[in-house]
Every structure is written in structure tokens, then in C-alpha cells.
Amino acid sequence: MNRPPLHQAGVVFDESKILAVAPANTLRQQHPDATLIHAGAAIILPGLINAHTHLELSDCTRLCPPPDSFVQWLKGVISRTTQDPANLAPSVQHAISTATAQCLRFGVTTVADISRQCHLTRPLLRQSPLRVVSYGEVQAMAQRRDLLEPRLATAIDPTHASDRLRVALSPHAPYSIEATGYRRCLQLAKDHHLPLATHLAETPDEATFLANHSGPFRDLWDFLHAWDDRVPTFTAGPIRFAQSLGLLDHPTLLAHVNYCDDDELAILANTPATVVYCPRTHAYFKHPLHRFRQMLARGINVAVGTDSCASSPDLNLVDDLRLLHHIAPDIDPQSLWQLATSHAARAIAAPNLGVITPNNAADFVLFNTTTSDPLREILEQPQLLPTSVWIAGRQLTAE
Ligand SMILES: [Zn+2]
């Protein structure tokens, strides 16, 4: 996706990697023994990468109209997902099965998945054909501070890692894990070479809570009956909070960053961090216009994600790109597709994904297209779905 589409072209690949990309007639001469698959009038794109979601919530249906506030919504999700432990495993299993089918249907071959129940989701996702960066989620604040170490141990447990499932770590958000916990996560990520993700600057209430423990997030803690006054404060907002912890000196994936002034933009601009914008979820909560254009202009790596089905209608990442195309019709379609391919690959530190080039993984998604501008055509056809999806050189079908 870092170059315009080639016409009359083909790809030679095996299960381990892409071997060649060139005009089709040249490839036929160079690889006469290769099995020929005619794609017809189609564009072959890199498999899409959903850079932020929570697959274990894929059985949730978002409430319409949305609750009055983000914290109201969060309370609803907590109530819906706190259940009898005996029901947890089967319900996670159903959600992961739903999620896997949706990803394949919508052309998503790799998922940056935040998982609170990673001891349950990883064995399931390891059996799925998807590539997964599984960020074990850690929350540890106030009366739940002592849960830090056991939760970290679960989050970084390598038992279910495989060639397609990478174990990663996610300190949840500045309103659910303290600075000590964040620092511990960052150190573990460095020591064990684990990708790191957090939610940041999702609502303006985060700054209020950090500064003086007031506002809707404090209400949430009171709702949970788990507050104590030993939580430290920080007065300069969530982005400087992340900076002070060292998170911005690391390739940390920052989900949302919906609230960011010019000075904060300048702070983010000179860092290896990635911002993941979730367009349909962002619209659901009626946040003001996301500053992704300014971020891109400042050289910040921006990727796209769906977030969970508790705030997005589904896991159709192309629909998020379609919304972006609607919001920003002047941005060329190729730049938008990069947010779901090469930029997203950088976000999850997977340099062998997101671009169709020799030695990269043979992950593809095909769409039937008929015009000379296929990238635009897909964005302007609301119902268009992929005709086939390939991961590691194998064609897959959504069950
Ligand atoms: Zn999220």
C-alpha cells in the first residue's frame, strides 16, 4: 500500500511468504511451476489490520441512542459483562467465534486485541486462522492496587503464544491503573519485547480525574465501591501523564487520543507512539472532530481500529475507512487505506505485514472492482464485501 496499485499484475507466494510481485505475464515466465489462480476483475490488497478492538465483547450490541456519557456507557458494559463465573467461558467462546467470522467476512487478517480475559481468549484465538496481537489488559487502582502483579502474570503468560498469536500487554487507562502500574508494564514490555497499548485521552473527564479525582470517573469508582485516597494526582492532562511515564519514548499504541491540543500534538509528534483512531466509535460518542489530519501532517503514525462491538456496529474496518472518506473526501483514498494496512502494521511492530512486497506474509484481501480507481471505488460502495481472504498463503472462508 506504499505505492499505487499495479495493473495487470500478480503475486507469487507460498505459505511462508510473498515471493514476487510484478506484471502477471512476467511472473508466468519466471515461475512456470506456480499454480495459477485467476482473480478476475479484482484488486488484491494487503490483509487488513484492525489496530484496536476487544474481541471478547463481540456479542455485545451497542445501545442506540447511546448513553448520556462515556462513564454511563462503561457502567453498562461492566454490568453486562460481570456475570456468573460458570457462564464466562462459554460466553467468551461464543464472542470469539462471532468475532473471528466477522473479521474474515470483512477482510481483517490481523487484530490488535485488548483482552481482559486473555487466559480464555488466547487458547481460542490460537486455534483461529487470524493473526492476533493479544494485549492482556491490566487494571490496578485504589482498593484494586494489589491486583497488579497477579494480573500482570496472566497478561504476559506466554503459554498460548504461537507463530500467529503474539502476547502483548495493555495497562488499561489513566483512570484504571496508577503510575506505578504503568511503569511496571513499560518495564515488562521492554524486558520481554512485548507490544504495549493503552487507552489515552478518550474523554475530557480523564484530565479532571487525574488532576483531582473528581468527575464522572470518580463516580465510577464510587459505583464500584473500590476507591481509596492513596491514588496519586497529575495535573497536566493524560498526554503529559503518558510522557512523564516514558510511554511516549516507546512504540506504544495509544487508543483514541480524542482530546489533544496543539501543544500536546507537538509532544506526540516527536515520538515512536501510534495513535489509533476508531472512527465509528468516535462518532457514536459524539466527540468533536478527531485531529487525525493534523497528526498525520506532523508525522505521527495514525492507524484505524473499530473498538469493540459495544460501541461499534460491527468489526467491518472498511466501514470505518468509508466514514473517514466521508468526513475527509479530500484525502486521497490510498492514504486512508494505509491507516488499515502499513500504518497499522507499524502500530503493532509487525514489519512483515501491511504491504504486498517480497518476504512479507502472504495475507491478502480481494475485492471485485471495475473502475480505474479501485481504492476509491470500494470506499464509495457501502455494501461491497471482499470476495476472498488469504492468511499465510491459505484462502479462508467465514463460517
Ligand atoms: Zn478500547
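## Two sheets, a zinc site and two cores

User: In this predicted model, how many residues lie between β13 and β14 in their hairpin, and what is the phi of Ala 392?
Analyst: β13 and β14 form a hairpin. Ala 392 sits in the turn, and its phi is positive. The hairpin leaves 2 residues between the strands, and the phi of Ala 392 is about 50°.

User: Which residue of β14 is the bridge partner of Ile 391?
Analyst: β13 covers residues 388-391, and β14 covers residues 394-396. The two pair in the antiparallel sense over 3 bridges. In β14, the partner of Ile 391 is Arg 394.

User: Are the residues of β13 that point to either side buried or exposed?
Analyst: Ser 388 and Trp 390 point one way from β13. Val 389 and Ile 391 point the other way. On both sides the answer is buried.

User: What is the order of strands in the antiparallel open sheet that holds β13?
Analyst: Start with the joins. β3 meets β12 through 5 bridges, and β12 meets β13 through 3 bridges. β13 then pairs with β14. The order is β3-β12-β13-β14.

User: Why is one side of β3 and of β14 left without a neighbour in the sheet?
Analyst: Neighbouring strands here are turned by 30° against each other on average, direction ignored. β3 (42-46) and β14 stand at the edges of the sheet. One side of each is left without a neighbour because each has a single partner strand.

User: Which residues of β12 and β13 are the bridge partners of Pro 46 and Val 365?
Analyst: β12 runs antiparallel to β3, and also to β13. The partner of Pro 46 is in β12, and that residue is Phe 364. The partner of Val 365 is in β13, and that residue is Val 389.

User: What are the edge strands of the open sheet β4-β5-β6-β7?
Analyst: The pairing in this sheet is parallel. The twist averages 15° from one strand to the next. An edge strand pairs on one side only, and the two that do so are β4 (48-53) and β7 (165-171).

User: Over how many bridges do β4 and β5 pair?
Analyst: β5 covers residues 108-115 and pairs with β4 in the parallel sense. One bridge links Ile 49 to Thr 110 in β5. The pairing runs over 4 bridges.

User: What angle does the direction of helix α4 make with that of β6?
Analyst: Helix α4 (residues 118-127) packs on the sheet. The helix touches β5, β6 (131-138) and β7. Its direction makes an angle with that of β6 of about 175°.

User: Which protein residues are the donors of the zinc ion?
Analyst: The donors follow the spacing H-x1-H-x144-H-x107-D along the chain. They lie 2.1 to 2.7 Å from the ion. They are His 52, His 54, His 199 and Asp 307.

User: How many residues apart in sequence are the parts that His 54 and Asp 307 tie together?
Analyst: Both residues are buried. His 54 lies in the loop between β4 and α2, and Asp 307 in the loop between β11 and α13. So the pair ties together parts whose separation in sequence is 253 residues.

User: What is the arrangement of the 4 donor atoms around the zinc ion?
Analyst: Tetrahedral donors need all angles between 85 and 135 degrees. Here the angles are 83 to 172°. That makes the arrangement irregular.

User: How many residues has the largest nonpolar core?
Analyst: Leu 169, Ile 239, Leu 268, Trp 337 and Phe 367 have the most contacts inside this core. A second, separate core of 21 residues includes Leu 74 and Phe 209. The largest core has 80 residues.

Technical notes. Residues numbered from 1 in each chain as written. Predicted model: local features only at pLDDT ≥ 70, side-chain atom pairs only at ≥ 80, totals over all residues. Heavy atoms only, no water. Pairing = 2+ DSSP bridges. Axes fitted to C-alpha atoms, helices over the stretch in contact; angles between N-to-C directions. Contact = heavy atoms within 4.5 Å. Buried < 20%, exposed > 50% of the residue type's maximum accessible area, 1.4 Å probe, protein only. Donors = N, O, S within 2.8 Å, 3.2 Å for Na, K, Ca; no water. Tetrahedral: all angles 85-135°; square planar, octahedral: opposite > 155°, others 65-115°. Core = buried A, V, L, I, M, F, W, Y, C linked by side-chain atoms within 4.5 Å.
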